[in-house]
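Thanks, everyone. Please bring up the sequence and the structure, and I'll walk you through them.

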Amino acid sequence: MEGTSRSVNYYGIGLRGVIVLALVIAGVIVFTRIGERHPVLAVARPVAAGQVIQASDVREVKLPEDQGIDPVAARDRTKVVGKVAKVTLVPGTTLAWDALDEAPAALGANEAVVGIALKPGMYPIELRAGDRVRVVEARTASASRPEEPSTLVPDARVRSVARETERGQGGIVVSLVVPVDKSAAVAAGAAAGRISLAVVGSV
């Protein structure tokens, strides 16, 4: 009986040892998974909504896998460069696919890009890249003719939008795709501060 009792005790001790060892191994695996970090991309420099992303605008960081977002993996850096920011990207934040849009369409043979600076009130506040807009110029007033708007381009395309809040001006700089034969008039009107934009629908 004594031998049998010792065998049972040894068996119990051995079983408890196996269980403890299994728990230790499981704990090590869980700890390893919790501590595991994956290389992703973060924003390195401010990128305004509508701007094309450059290689220097992003940097590699390591984060835990489950962060509740869809981050851009570091290996996809080349896929990010050339895309457009849908929203303003703040340095230090993780770069997510939802914040990116495709690069602007290539220019046609008879198209030109004109950059114009606009003050608040001269454009819709929700203006963004890809919008189609009407380019309106305020005519010079005279004693015989009151000031009234004139449509320079009925259907232009917004290529990019850069906010100027960092310079305290509160306006925007817009790159517009317009017909080549209208580019000089739009540029001159913009330089004189006479250009306004109105978003239009399909024509």
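Start with the layout. The chain has three helices and nine strands. In sequence order they run α-β-β-α-β-β-β-β-β-β-α-β. Keep in mind that this is a predicted model. The mean pLDDT is 77, and 70% of the residues score at least 70. One stretch deserves caution. Residues 28–34 stay under 50 in pLDDT, and the model gives them zero contacts beyond four places in sequence.

Now some totals. The chain has 203 residues, and 30% of them count as buried. It exposes about 12,800 Å², with carbon and sulfur atoms supplying 57% of that area. Take the contacts with a separation of 6 or more: 64% of them join residues 24 or more positions apart.

Next, strand E5. Which of its side chains are buried, and which are not? Ala112, Val114, Ile116 and Leu118 point to one face and are buried. Glu111, Val113, Gly115 and Ala117 point to the other face and are not. That fits the general rule: in a regular strand, side chains alternate between the two faces of the sheet. E5 also has a partner. Eight bridges join E5 to strand E8, residues 172–179, and the two run antiparallel. To place yourself on the pair, find alanine 117; its bridge partner in E8 is valine 173.

Two of those buried E5 residues lead us to the core. The largest nonpolar core holds 21 residues. Ile116, Leu118, Leu127, Val135, Val174, Leu176 and Leu197 touch the most other members. Which elements give two or more residues to this core? They are E5, E6, E7, E8, H3 and E9. E7 gives the most, with five residues.

Look at leucine 197 in particular. Beyond its sequence neighbours within four places, leucine 197 contacts Ile116, Leu118, Met122, Tyr123, Pro124, Leu127, Val133, Arg134, Val135, Val174 and Leu176. Apart from this core lies another one, of 13 residues. Val43, Ile53, Val58 and Ala99 are among them.

Stay with E7 for a moment. Serine 160 lies in that strand. Is serine 160 buried or exposed? It counts as buried, because its relative accessibility is 17% and the cut-off is under 20%. Leaving out neighbours within four places in sequence, serine 160 contacts Gly50, Ala129, Val173, Val174 and Ser175. Note Val173 in that list. That is the residue we just saw bridged to alanine 117.

On to charges. Side chains of opposite charge can pair when their charged atoms come close. How many salt bridges does the structure hold? Five. I'll take three.

First up, glutamate 111 and arginine 157, at 3.7 Å, N to O. This pair links distant parts of the chain: glutamate 111 is in E5, arginine 157 is in E7 (residues 149–163), and they sit 46 residues apart. Glutamate 111 is partly exposed, at 29% relative accessible area. Arginine 157 is partly exposed too, at 25%.

Next, arginine 132 and aspartate 155, at 2.3 Å, N to O. Arginine 132 lies in strand E6 (residues 132–138) and aspartate 155 in E7, so the pair ties together parts that are 23 residues apart in sequence. Arginine 132 is partly exposed at 31%. Aspartate 155 is partly exposed at 29%.

Then glutamate 137 and arginine 194, at 2.6 Å, N to O. Glutamate 137 is in E6, while arginine 194 is in the loop between helix H3 (180–191) and strand E9 (195–199), 57 residues away. Here the burial is split. Glutamate 137 is buried, with a relative accessible area of 14%, whereas arginine 194 is partly exposed at 29%.

Last stop, tryptophan 97. Where is it? Tryptophan 97 is in the loop between strand E3 (84–85) and strand E4 (100–101). It counts as partly exposed, because its relative accessibility is 26%. Setting aside neighbours within four places in sequence, tryptophan 97 contacts Asp70, Pro71, Val72, Asp76, Lys79, Val80 and Lys83. And one distance to check on screen: the C-alpha atoms of tryptophan 97 and alanine 73 are 9.7 Å apart, for a sequence separation of 24 residues.

That's the tour. Over to you.

Terms used. Residues numbered from 1 in each chain as written. Predicted model: local features only at pLDDT ≥ 70, side-chain atom pairs only at ≥ 80, totals over all residues. Heavy atoms only, no water. Helix = DSSP H or I, 4+ residues; strand = E, 2+ residues; numbered from the N terminus. Buried < 20%, exposed > 50% of the residue type's maximum accessible area, 1.4 Å probe, protein only. Contact = heavy atoms within 4.5 Å. Salt bridge = Lys/Arg side-chain N within 4 Å of Asp/Glu carboxyl O. pLDDT = per-residue confidence, 0-100. Pairing = 2+ DSSP bridges. Core = buried A, V, L, I, M, F, W, Y, C linked by side-chain atoms within 4.5 Å. Areas by Shrake-Rupley, 256 points an atom, 1.4 Å probe, with all protein chains shown as cover.
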